[in-house]
Amino acid sequence: MNTPDRSTPEKLLTMEEARAIIDREDAVILEAFSRRMEAAGHIARNKAQKGMPIYVPEREQQILDRVAEAAGKLQPEGLSEYAVELYRKLMELSRQYQNTIRKFGLLGRHLTHSFSPEIHRMLGTFSEPYSYEIFEKEPEEVESFLKEGDWTGLNVTIPYKETVMQYCDKLSSEAERIGAVNTLVRREGKIYGYNTDYTGFRRTVETSGAKVDGAKCVVLGSGGASKAVVCVLEDLGASRVVVVSRDGKTGCDYQDMKEHHLDATIMVNATPVGMYPHNGRAAAYPGTFPHLEWVFDLIYNPLRTNLLCQARKSDIEGINGLKMLVAQAKASAELFLGREISEEAVIEIERKMACEKENLVLIGMPGCGKSTIGRILAEKTGRKFIDVDQLIVERMGMAISSIFAEGGENAFRQLEMEACADLQQETGAVIACGGGVVTREENYYSLAENGRFIFLNRSIDVLPTDGRPLSQSTPLSHLYAQRLPLYRSWCDMEVENNGKSINQVAAEILAGWGGRI
């Protein structure tokens, strides 16, 4: 290619001549781009084998400095800034391409419930973006996948945390001690096994305020996650840790627990009982443990399992498995990427995930503004709005007053229970309930699993009664007196709705809503 003589003024090229040069040079640039990205792919594979991070800021800055210096000598003048910007974008694209070459993901059997892909996507915003896939495998497929599958790093969940150990060339000290692996990294043809469940659960306990030192603990379940839990509790000074299993091979079955270990102060559920899609179940009943102070459930979907709902009803502190999930995912991602991720990531991702999944459930007397304020909340948050009474009307094809007239209150309450049960697996919605929803305990357990209850408390002096059968047949003061203790026992937040605009009330709810269970 001939280089033009810069010592004499250039003649103005025609549009056709200039475009011909651009087309020719674009072909050269594209070929060079292809070769550069191919080389970047080789670098990504080498880094994956050695456990090195894709993003190395010092290396990229060296390239940018070199480009700036070289571009300063180019003609026409003033290209340096453009060249640096071009290479900055080129390196960003190179990182994105390199991250598609490394294959990270979750290995398990039934994974439709998993939040992991979403969490790892968010972790990428605190480090560098990386791909994360779901690998659902049957037991007979695990060996061939681990040995021959296209993966760089894996999280491992039920039921393979112990199975994968036999395929590891080296185990971390935590994994060896616990006897379970939840993170695999492939480097230079070898498989390294780690256990970040320990890190995740320990962080959960230490930030909870639970007093483990000297405490008697019962751990429900004996699988891989249970083993990590036991190690954490022992390391934090528990006086005794009883592992409960269905077959009693741990030395304690559920009957033994009821007969000999009701004096425990801490309970941890490490079983899948109550996990989506089998909501509404529990492996134990916290209310039967007279000294129980804390219940930890490793399940994170639903946000508040039936076990945790029972704990709350018994005034026992409860924490779900979301913090553990995010904390162990961060620790795994650091192993995948070969770089540290800020602790802020755990706090922010847990908050965001809880906010996204949690329902806002409005309760209160008929006419307190649940439906109107619920619609405003749905609009402001971009959520689906669900009116439980309207669900019943649509299903039955008749007005609430007609249902009361034909079948009485009991018939209506049965329909209401069925509607609430159907909403048990709903997430990320605003739900407005009828005033009497609190009169059936079953409704609490249906709506609490993914819900935050907001009690709209309004003076009975301004409550309307038109079109409300019970409000017309029973004095409001009597209804209010009966239901007020129930509203308050259910609610996570009480908001007064007297003398305020509906927008003020909605704003107050959003300001007080932290997205935490």
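A cavity is a set of grid points where a 1.4 Å probe fits but cannot get out. The exercises below apply this term and others to a predicted model.

**Exercise 1.** Determine how many cavities of 30 Å³ or more the model holds, and describe the lining of the largest cavity.

*Solution.* Step 1: the count comes to one cavity of 30 Å³ or more. Step 2: the volume of the largest cavity is about 30 Å³. Step 3: its lining consists of K47, A48, G51, M52, R102, F104, T152, V185 and F336. Step 4: sorted by class, this lining has five nonpolar, two polar and two charged residues.

**Exercise 2.** Describe the largest nonpolar core and state which helix gives the most to it.

*Solution.* Step 1: the largest nonpolar core has 52 residues, and I363, F453 and I509 have the most contacts inside it. Step 2: Helix 15, residues 400-422, gives the most to this core, with seven residues. Step 3: leaving aside neighbours within four places in sequence, I509 is in contact with L362, I373, L377, I454, L456, M493 and V495. Step 4: another core lies apart from this one; it has 28 residues, including V230, L236, A270 and L298. In soluble globular proteins, nonpolar side chains tend to be buried together.

**Exercise 3.** Compare the radius of gyration of the protein chain with that of a compact globule of 517 residues.

*Solution.* Step 1: a compact globule of 517 residues would have a radius of gyration near 24 Å. Step 2: the protein chain has 30 Å instead. Step 3: along the principal axes, its C-alpha trace spans about 100 × 65 × 40 Å.

Notes
Residues are numbered from 1 along each chain as its sequence is written. This is a predicted model: local features need pLDDT of at least 70, side-chain atom pairs count only at pLDDT 80 or more; totals for chains, interfaces and linings use all residues. Side-chain values use heavy atoms; hydrogens and water are left out. A nonpolar core is a set of buried Ala, Val, Leu, Ile, Met, Phe, Trp, Tyr and Cys residues joined through side-chain atoms within 4.5 Å. Buried means under 20% relative accessible area, exposed over 50%, partly exposed in between (1.4 Å probe, protein chains only). Helices (H or I, at least four residues) and strands (E, at least two) are DSSP runs, numbered from the N terminus. Contact means heavy atoms within 4.5 Å. On a 1 Å grid over the protein atoms alone, a cavity is a set of points where a 1.4 Å probe fits but cannot get out, and a pocket is an open set with protein on both sides within 12 Å along at least five of seven lines; lining residues have an atom within 4 Å of a point. Grid points are joined across faces, edges and corners, and a volume is the space filled by probe spheres set on the points. Ala, Val, Leu, Ile, Met, Phe, Trp, Tyr, Cys and Pro count as nonpolar, Asp, Glu, Lys and Arg as charged, and the others, Gly among them, as polar. The radius of gyration is taken over C-alpha atoms; the globule rule is 2.2 Å times the number of residues to the power 0.38.
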